[in-house]
Amino acid sequence: MQFNLADLFESVVDKIPEKEALVVRGQGRWTYRALDHEANRLAHFLLARGVGVGDHVGMHMYNGSEYVIAVLAALKIRAVPININYRYLADELRYLYNDADLVAVVVDTEFGERLQAIAADTPKLRTVISVGGPIPGAIAYEDAIRDQSPDRDDLLPHGPRSAGDLYIIYTGGTTGMPKGVMWRHEDIFFAGMAGGRPYGEPMKDPSEIADGIDPSAGQLATFPVAPLMHGAAQLATFISFNMGQKVVLNRRFDAHEVLRTVAEEKANVISMVGDAMGRPLAEALAGPLAGTDVSSLIVISSAGAILSETVREQLQSLLPAVLIRDNFGSTESGFNGDAAAGSGPARGMRFTVNERTTVFLDEERRPAAPGDGKVGHVAQHGHVPLGYYNDPAKSAEAFFEHDGRRWVLLGDLGTLEADGSVSVLGRGSQCINTGGEKVFPEEVEAVLKSHPDVFDAIVAGAPDELFGNRVAAVIQLRAETASASLTDADLEEFCKSRLSGYKVPRLLVRVADMRRSPSGKPDYPWAKELVARAAGAYRQHR
């Protein structure tokens, strides 16, 4: 056996077949054996439809058992699961379906019309499996698996699985069309799944996965509350399976339903994405769901976006016994480290990183020296992806060889501190240059969100004739104070007491609802468009 995700999962199934593997609130419960059997049935159906080694199978769904089962089924036959952002409309979907070379897709019926709108433009797509209702031209999920074998026999007609089988995660990031990050199974196991041991030394042999599980011991329950189409939720699910834990899912994120599910399932670990999920959870727990029994919680882990100091402190005050972790990483790197004590977007983010992570100085083409103060891209070596699928140009920008090792450059800029930690300044692609001064949106966003009347904020650069760009912000006030007398001048004064003058937003655009991705990432292109329009209107009325 190698470090192959399907092999590892099956080794856990064989060790604890009757333990619970998956619970989907409102849908059902699956033991490890039942989950394995259903994945085998779907795998046999895919094989019968001609899906083979290296073929790409799309997951166009909300969270649910079918999502998990479809991923496992694809991996079992050495196909490649492809995550699809369920908020995408026709143009984005047409691009992704074709860029990913999808030959099959498992799709929720809610997205049937969107799929129909692009079907004529996706010539490689041969098989559509519908979940939850009919879609013209599709086969219902229940019909697809009904007469298929639950056994693992004949799932590998083209040879055994390998550590080099592909796992692709499409990432939309904050700009441009989505890119498919190509991971070998072994690399993502070590870089994104902590080598099977999140709090210890990585495993050296695949057999250690099953050997490390005690069938007589109790189970922890991990609850990824972000969409499974987000890489962090996928990794959290596999980390849990590799440890023989129970995975708990809700169909979509709703703070009230999350807390009710924690109480019902006695969830121990919540995996979420930044303030977009942390703040609604904190406010629900402080308000309408105060008193909900969440005493089972041990860890709340944020990945994919950093918690602001305000939200972190709010959660910690409500849950003093819970360890709150800010994980640093990306789709291109997996897990890189944890936020150091006392750091935050407003005070400066500093991370204790693993031995594979450092700062690479692009112009000098070398890693930074500890404490040299030079700004470069946060980078990782060792277990890194092969590149971006179908995009050699972007692959050449982000992935490279140096001193005989494979490297990937993350989008974040930072400095390497004397103690080996990394101070992260922010995403280089979102940095605002205003009169020669560089402003990273994350710092300003954290200050705005610390105002008691501001619920959410996204900071972007607005065109300015004198400075090139000025700092601007899209803000969402709390519903109960949205009609109050809070003025732009009030917020400006609030920021002046906490930020250098050039970082203070000089233009504010108020919205009733903030636009973020389903995983909670800021929609910077949308914010830039709003502040650019507002800046234009301001110039016209001067």
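A residue counts as buried when its relative accessible area is under 20%. Keep that cut-off in mind, because it decides how helix α14 and residue Val23 are read below. The model itself is predicted.

Start with helix α14, residues 441-449. This helix is mostly covered, with 7 of its 9 residues buried. Pro441 is one of the buried residues. The others are Val444, Glu445, Ala446, Val447, Leu448 and Lys449. The buried set in α14 therefore includes Glu445 and Lys449 as well as Val444 and Leu448, each falling under the 20% cut-off.

Now step back to the whole chain. The protein has 16 helices and 28 strands. Its radius of gyration is 23 Å, close to the 24 Å that the globule rule gives for 542 residues, so the protein is as compact as a globular protein of that length. Along the principal axes, the C-alpha trace spans about 70 × 55 × 50 Å. Of the 542 residues, 57% count as buried. Take the contacts between residues at least 6 apart in sequence: 67% of them join residues at least 24 apart.

The surface comes next. About 21600 Å² is exposed, and carbon and sulfur atoms supply 50% of that area. The protein carries 55 positive and 71 negative charges. The mean positions of these two sets lie 2 Å apart.

Turn to one of the sheets. Five strands form an open sheet, and its order is β4-β3-β5-β6-β7. The pairing is parallel. β4 (80-83) and β7 (139-140) stand at the edges with a single partner strand each, so one side of each has no neighbour in the sheet. Inside the sheet, look at β3 and β5. Strand β3 covers residues 56-60 and strand β5 covers residues 102-108. They run parallel, joined by 5 bridges. For a landmark in this pair, find Val57, which stands opposite Ala104 in β5.

Finish with a single residue, Val23. It is found in strand β1, residues 20-24. Is Val23 buried or exposed? Its relative accessible area is 2%, and under 20% means buried, so Val23 is buried. Which residues touch Val23, once neighbours within four places in sequence are left aside? Gly28 and Arg29 are in contact with Val23. So are Lys246, Val247, Val248 and Leu249, and also Glu265. Ala144 offers a distance to check by eye: Val23 and Ala144 are 121 residues apart in sequence and 22 Å apart in space, C-alpha to C-alpha.

Notes:
Residues are numbered from 1 along each chain as its sequence is written. This is a predicted model: local features need pLDDT of at least 70, side-chain atom pairs count only at pLDDT 80 or more; totals for chains, interfaces and linings use all residues. Side-chain values use heavy atoms; hydrogens and water are left out. Two strands pair if DSSP finds at least two bridges between them. Helices (H or I, at least four residues) and strands (E, at least two) are DSSP runs, numbered from the N terminus. The radius of gyration is taken over C-alpha atoms; the globule rule is 2.2 Å times the number of residues to the power 0.38. Buried means under 20% relative accessible area, exposed over 50%, partly exposed in between (1.4 Å probe, protein chains only). Contact means heavy atoms within 4.5 Å. Accessible areas come from the Shrake-Rupley method with a 1.4 Å probe; for residues, only the protein chains shown count as cover. Lys and Arg count as positive and Asp and Glu as negative; His and the chain ends are not counted. The place of a charge is taken as NZ of Lys, CZ of Arg, CG of Asp or CD of Glu.
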